Structure formats: structure tokens, C-alpha cells
Amino acid sequence: MLAIQCIFRTTHNVAEGAGAIGLAGLVRDRAQLQSKKVSFILSGGNIDMEKFRQVLSDEVPVFN
């Protein structure tokens, strides 16, 4: 959820969970990546708008 929020709030791009996983991995490993150049591929904007609203509102969406 945090990666989806971060991507939207900083770049105004919409990413689904699978599309934001690259950023989530970089955030998780940030200590080991300190002072290194890194990148990730942002893909997948196929997220239900109600679920997206819940993510941005810090609600926990229910995925069926």
C-alpha cells in the first residue's frame, strides 16, 4: 500500500500492487542500496478505483 501511495503522491501516476512492487523492494532494501544508483519499472495501472481510493485514504482494501 505504501508504494502505491508514494508513487501517486510523488509522480501522480496510478499503479496497482504488482506495478508498485519494484518500489516496495527498493524501500525494503534501502539500507543496502544507500549511495547506489537504482531504478525500477513502474507498470500496471489496472486498479479498481474504489480500492485505489481506500489505499490513498489509508483504509485496508478487501481484495476478492
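**Entry 1. Axes of α1 and α4**

I take a helix axis to be a line fitted to C-alpha atoms over the stretch in contact, with angles running from 0 to 180 degrees between N-to-C directions. The model I consulted is a predicted one. I looked up helix α1 (residues 2-11) and helix α4 (residues 49-56), whose axes come within 9 Å and cross at roughly 90°. Angles of 65 to 115 degrees count as roughly perpendicular. I therefore recorded α1 and α4 as roughly perpendicular to each other.

**Entry 2. Residues where α1 meets α4**

I next listed the residues on both sides of this contact. From α1 I noted I4, Q5, F8 and R9, and from α4 I noted F52, V55 and L56. By class, the residues of the contact are five nonpolar, one polar and one charged.

**Entry 3. Q5 and V55**

Is Q5, a residue of helix α1, buried or exposed? I found a relative accessible area of 5% for Q5. The cut-off for buried is under 20%, and Q5 is therefore buried. Leaving aside neighbours within four places in sequence, I found Q5 in contact with V55, L56 and D58. I applied the same exclusion to V55 and obtained contacts with M1, I4, Q5 and P61.

**Entry 4. Buried side of α1 and the core**

I then examined burial along α1, where A3, I4, Q5 and I7 are buried. The buried residues of α1 pack against α2 and α4. Which residues make up the largest nonpolar core? I recorded nine: A3, I4, I7, A15, A20, L23, I47, F52 and V55. The elements giving two or more residues to this core are α1, α2 (17-28) and α4. Of these, α1 gives the most, with three residues.

**Entry 5. After α1**

I checked what follows α1 and found H12, which has a positive phi, near 65°.

**Entry 6. E50**

I turned last to E50, which is placed in helix α4. I noted a relative accessible area of 39% for E50. Partly exposed covers the range between 20% and 50%, so E50 is partly exposed. With which side chain does the side chain of E50 make a polar contact? I found that of R53, at 2.7 Å. I also looked up the separation of E50 from I21: the two are 29 residues apart in sequence, and their C-alpha atoms are 20 Å apart in space.

Methods. Residues are numbered from 1 along each chain as its sequence is written. This is a predicted model: local features need pLDDT of at least 70, side-chain atom pairs count only at pLDDT 80 or more; totals for chains, interfaces and linings use all residues. Side-chain values use heavy atoms; hydrogens and water are left out. Helices (H or I, at least four residues) and strands (E, at least two) are DSSP runs, numbered from the N terminus. Angles under 35 degrees count as roughly parallel, over 145 as roughly antiparallel, 65 to 115 as roughly perpendicular and the rest as oblique. Contact means heavy atoms within 4.5 Å. Ala, Val, Leu, Ile, Met, Phe, Trp, Tyr, Cys and Pro count as nonpolar, Asp, Glu, Lys and Arg as charged, and the others, Gly among them, as polar. A nonpolar core is a set of buried Ala, Val, Leu, Ile, Met, Phe, Trp, Tyr and Cys residues joined through side-chain atoms within 4.5 Å. Buried means under 20% relative accessible area, exposed over 50%, partly exposed in between (1.4 Å probe, protein chains only). A polar contact is a pair of N or O atoms within 3.5 Å; within protein, one must be able to donate a hydrogen and the other to accept it, and residues adjacent in sequence count only if both atoms are side-chain atoms.
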